[in-house]
Amino acid sequence: MPHTNEMTLLPNQGWDERILICQNGRLVQTFIVVTQRYVVLIDTVINPATARRLVEHARPYLAAGRTLLVINTHADYDHAWGNQLFAGADAPFPAPIIGSQRCADRLRADEEASLLQEMQRAEPEIFGDVRLTPPTVRFDGELLIDGGDLTLHLIPTPGHTEDHLSIYIPEIATLLAGDAAELPYPVARTTAGLPAMRASMAALAALNAQTVLYCHAPVAAGPQLLHDNLVYFDALESACRTFLQRVPDAELPPDDAALLAQLECDYASVTPLTPLWRDVHDFYRTTGHAAQLRMMLAWLAMLAPGTNEIA
């Protein structure tokens, strides 16, 4: 999918008017939260150009003494590669960038620098100007930002990545889930991240938010998507446990279609029968789904024999 510098402001469809949603092509959605004290940019998207367009959407609200703040939900390129607009000697819009210590560590890591070089070679017109810039206000654990009328509760939600955090706004019972839940499902990048991701989703579901907004799901998905994500991974675990009991020493085929047939667990059998879950890229039905099953099998293999508890 080619990248774009477009940042479209979506029309409000019933959420609190102090939350603005901006969409970067078909890649990602991000948020601007307007409080009495602050205008808060949730993530800086893919480069300085997209971050600048976020500021343009936020500019009308930077009045009445409000201060600009930036939050990084995590260090992935579609969430934090516009940070340089807000930190550094030549930053055009100086503002605190708030993120976890792990987010800062990731943005300093060799792996992220290598990814940037690769993407600069592939799409210099999009990524050529990017400089990896860590958060300037770093923390571990939870953090509360008192905006006067709204409180932003930053909650660690590891799993998709180890540095991920989500944001709950209790005054309006609104959850900005980030990538902790997605359509059709979030992806853990390590086997150890899988139980952490499921625990994070369960913690978010327990908040009983009335409005839930995601970075990678339609705005109409609502709280139900978070619960559907939990049900999806529960169904995968059940299918994998059943398979291991039936064929404990089976060698898994490398072919995705053969794996799905062997486990008797294709995408349609473990997802809701709704248009929202059916209208997804084919990747999620086959390769992505098979990868989740392989990771679930690897996680079950790490558990003590005979246990039925999630670690």
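1. Tyr232 has a relative accessible area of 0% in this predicted model. Residues under 20% count as buried, so Tyr232 is a buried residue. Its ring pairs with that of Trp277, with 6.2 Å from centre to centre and 45° between the planes. This geometry is classed as tilted. Trp277, at 1% relative accessibility, is buried too. Tyr232 belongs to helix H7 and Trp277 to helix H9 (residues 275–278), so the pair ties together parts that lie 45 residues apart in sequence.

2. What else sits with these two rings? One aromatic cluster holds Tyr185, Tyr232, Phe233, Trp277, Phe283 and Tyr284. Phe283 and Tyr284 pair edge-to-face, with centres 5.3 Å apart and planes at 80°. Phe283 is partly exposed, with a relative accessibility of 39%. Tyr284 is also partly exposed, at 22%. The cluster therefore contains buried residues such as Tyr232 and partly exposed ones such as Phe283. In the whole structure, a search finds eight aromatic pairs.

3. The next point is a sheet. Seven strands make up an open sheet, and their order is E1-E2-E3-E4-E5-E6-E7. The pairing in this sheet is mixed. Strand E1 (8–9) and strand E7 (137–139) are the edge strands, each paired on one side only. Helix H3 (residues 101–108) packs on the sheet and touches strand E6 (97–100) and E7. The direction of H3 makes about 95° with that of E6.

4. Within the sheet, strand E4 (residues 38–42) and strand E5 (residues 67–71) run parallel. How many bridges join E4 to E5? Five bridges do. For a place to look, Tyr38 stands opposite Thr67 in E5.

5. Arg106 is a residue of helix H3. Is Arg106 buried or exposed? With a relative accessible area of 16%, Arg106 counts as buried. The Arg106 side chain makes polar contacts with two acidic side chains: that of Asp76 at 2.8 Å and that of Asp163 at 2.9 Å. Leaving aside residues up to four places away in sequence, Arg106 touches His74, Ala75, Asp76, Glu112, Thr161, Asp163 and Arg189.

6. Asp163, the partner of Arg106 in one of these contacts, is placed in the loop between strand E9 (151–156) and E10. Asp163 counts as buried because its relative accessibility is 2%. Besides the contact with Arg106, the side chain of Asp163 makes a polar contact of 2.7 Å with the side chain of Thr161. Not counting residues up to four places away in sequence, the residues touched by Asp163 include Thr73, His74, Ser100 and Cys103.

7. Helix H6 (residues 193–205) has 13 residues. From its first C-alpha to its last, H6 reaches 18 Å, close to the 18 Å expected at 1.5 Å a residue. Which residues of H6 are buried? They are Gly193, Leu194, Pro195, Met197, Arg198, Ser200, Met201, Leu204 and Ala205. Among the elements that cover these residues are strand E10 (165–169), strand E11 (174–178), helix H7 (222–246) and helix H11 (287–302). H7 is also the helix that holds Tyr232.

8. Some backbone details deserve a check. Most residues other than glycine have a negative phi, and most peptide bonds are trans. Asp43 is not a glycine, yet its phi is positive, at about 80°. Asp43 lies in the loop between E4 and helix H1 (48–58), and it is buried at 1% relative accessibility. Ala173 likewise has a positive phi, near 45°. Ala173 is in the loop between E10 and E11, and its relative accessibility of 12% makes it buried.

9. The last detail is a peptide bond. Which form does the bond from Leu183 to Pro184 take, cis or trans? The bond is cis, with omega near 0°. Pro184 lies in the loop between E11 and H6.

Technical notes. Residues numbered from 1 in each chain as written. Predicted model: local features only at pLDDT ≥ 70, side-chain atom pairs only at ≥ 80, totals over all residues. Heavy atoms only, no water. Pairing = 2+ DSSP bridges. Helix = DSSP H or I, 4+ residues; strand = E, 2+ residues; numbered from the N terminus. Contact = heavy atoms within 4.5 Å. Axes fitted to C-alpha atoms, helices over the stretch in contact; angles between N-to-C directions. Expected span 1.5 Å × (residues − 1). Buried < 20%, exposed > 50% of the residue type's maximum accessible area, 1.4 Å probe, protein only. Polar contact = N/O pair within 3.5 Å; in protein donor to acceptor, adjacent residues only side chain to side chain. Phe/Tyr/Trp six-rings, centres within 6.5 Å; stacked < 30°, edge-to-face > 60°.
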